[in-house]
Amino acid sequence: MQEVNHRAPGSGAGSPWGVSEKETETDPGPAAKQKWTHACPRASPGVGWPGCASIPVPPGPWQDCAEAHQAGHSQSGVYELQLGRLQVSAWCEQQLEGGGWTVIQRRQDGSVNFFTTWQHYKVGFGRPDGEYWLGLEPVHQLTSRGDHELLVLLEDWGGRGARAHYDSFSLEPESDHYRLRLGQYHGDAGDSLSWHNDKPFSTVDRDRDSYSGRSNCALYQRGGWWYHACAHSNLNGVWHRGGHYRNRYQDGVYWAEFRGGAYSLKKAAMLIRPARP
Ligand SMILES: [Ca+2]
């Protein structure tokens, strides 16, 4: 994978990133949060929880962020979503390109460990106002309701942004390992996800990648992804500070067509919303 030279900056419209870049904090580990909702506790007097208590939570739960947007909630923030029997907290991006986006993944400060197990990737981990993974099952539930589009937002350490847009996106059920179904690419980031189309999701403890034998891409690349043999993108990899990194394996947060596999991006986010007819 070769280094791709500077691309045009993203439009900069909207702010899909979390509340603020916190100092790196100790993550209690997904094991402490093994449940369907993401811990962003309701404001309780005297209890400080940076970033959460200050965000008003609009009434809900909502089917998705698009429904909340249609109901007039044009403020980005943490919303409660009801997905079948699941209730989850998600960040809704209500300003960017008409709003209605549900953020399903976000990296921005290295505060959350993404090198974790199938169960955690299934149910989700992190905090919706910071770094997080919404969860394979919630995303499957969302995308099985109807056509969705996917927007990938990237930013390097020089503040340069790039986008990858896919006009359809869905995940198959767990029985099919949350296999990725992806539509047509548009954007200025370069297409580093289509190579992963139709691949099942793999984690360190669930090797479904195309790399034969015991070779486990999730182990080498220290993340969870729709690994092939192995990756053109690895947005759930290790958040290396500063961009360029040297490691035995390409384990950074990368999008090869944008800055190459040996460059770990500062920010990455994946957003979905129902496709518009
Ligand atoms: Ca393998």
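## A calcium site

Aspartate 209 is buried, with a relative accessible area of 11% (buried means under 20%, exposed over 50% and partly exposed in between, with a 1.4 Å probe and protein chains only). Aspartate 207, at 31% relative accessibility, counts as partly exposed. Both residues belong to a predicted model, in which local features need pLDDT of at least 70 and side-chain atom pairs count only at pLDDT 80 or more, while totals for chains, interfaces and linings use all residues. Residues are numbered from 1 along each chain as its sequence is written, and side-chain values use heavy atoms, with hydrogens and water left out.

Which residues hold donors of the calcium ion? They are Asp207, through two OD entries, Asp209 (OD), Tyr211 (O) and Ser215 (O), at 2.3 to 2.7 Å from the ion. Donors here are N, O and S atoms within 2.8 Å of the metal, or 3.2 Å for Na, K and Ca; water is not among the atoms, so sites may look incomplete. Along the chain, the donors follow the spacing D-x1-D-x1-Y-x3-S.

## The whole protein

Let's step back for a wider view. The protein has 5 helices and 11 strands, which are DSSP runs numbered from the N terminus (helices: H or I, at least four residues; strands: E, at least two). Of its 277 residues, 56% are buried. Contacts (heavy atoms within 4.5 Å) often span the chain: among those between residues at least 6 apart in sequence, 58% join residues at least 24 apart.

How confident is the predictor? The mean pLDDT, a per-residue confidence from 0 to 100, is 85 for the protein, and 81% of its residues reach 70 or more. Over residues 1-13 the pLDDT is below 50, and this stretch has 35 contacts in the model beyond near neighbours in sequence. Residues 20-54 also have pLDDT below 50, with 64 such contacts.

## Strand E6 and its partners

Strand E6 covers residues 148-155, and 8 of the 8 are buried, so it is largely enclosed by the rest of the structure. His148, Leu150, Val152 and Leu154 point one way from E6, while Glu149, Leu151, Leu153 and Glu155 point the other way.

E6 pairs in the antiparallel sense with strand E11 (residues 267-274) over 8 bridges; strands pair if DSSP finds at least two bridges between them. Valine 152 has methionine 270 as its bridge partner in E11. E6 also pairs with strand E7 (residues 161-166), again antiparallel, over 6 bridges, and leucine 150 stands opposite tyrosine 166 there. The hairpin of E6 and E7 has 5 residues between the strands, and in it glycine 159 takes a positive phi near 85°.

## The nonpolar core

The largest nonpolar core has 67 residues, and Leu150, Leu154, Phe169, Trp226, Leu235 and Trp255 have the most contacts inside it. Such a core is a set of buried Ala, Val, Leu, Ile, Met, Phe, Trp, Tyr and Cys residues joined through side-chain atoms within 4.5 Å. Leucine 150 touches residues including Tyr166, Phe169, Leu182, Leu193 and Met270.

## Backbone details to look for

Two cis peptide bonds deserve a look. One joins glycine 60 and proline 61, with omega about -5°; proline 61 lies in the segment before helix H1 (65-70). Another joins alanine 229 and cysteine 230, with omega about 0°.

Positive phi also turns up in residues other than glycine. Glutamate 97 has phi near 45° and sits in the loop between strand E2 (86-93) and strand E3 (101-107). Tyrosine 178 has phi near 50° and lies in the loop between strand E8 (169-171) and strand E9 (180-182). Are these residues buried or partly exposed? Glutamate 97 is partly exposed at 41% relative accessibility, whereas tyrosine 178 is buried at 0%.

Methods. pLDDT = per-residue confidence, 0-100. Lists of a residue's contacts leave out its neighbours within four places in sequence.
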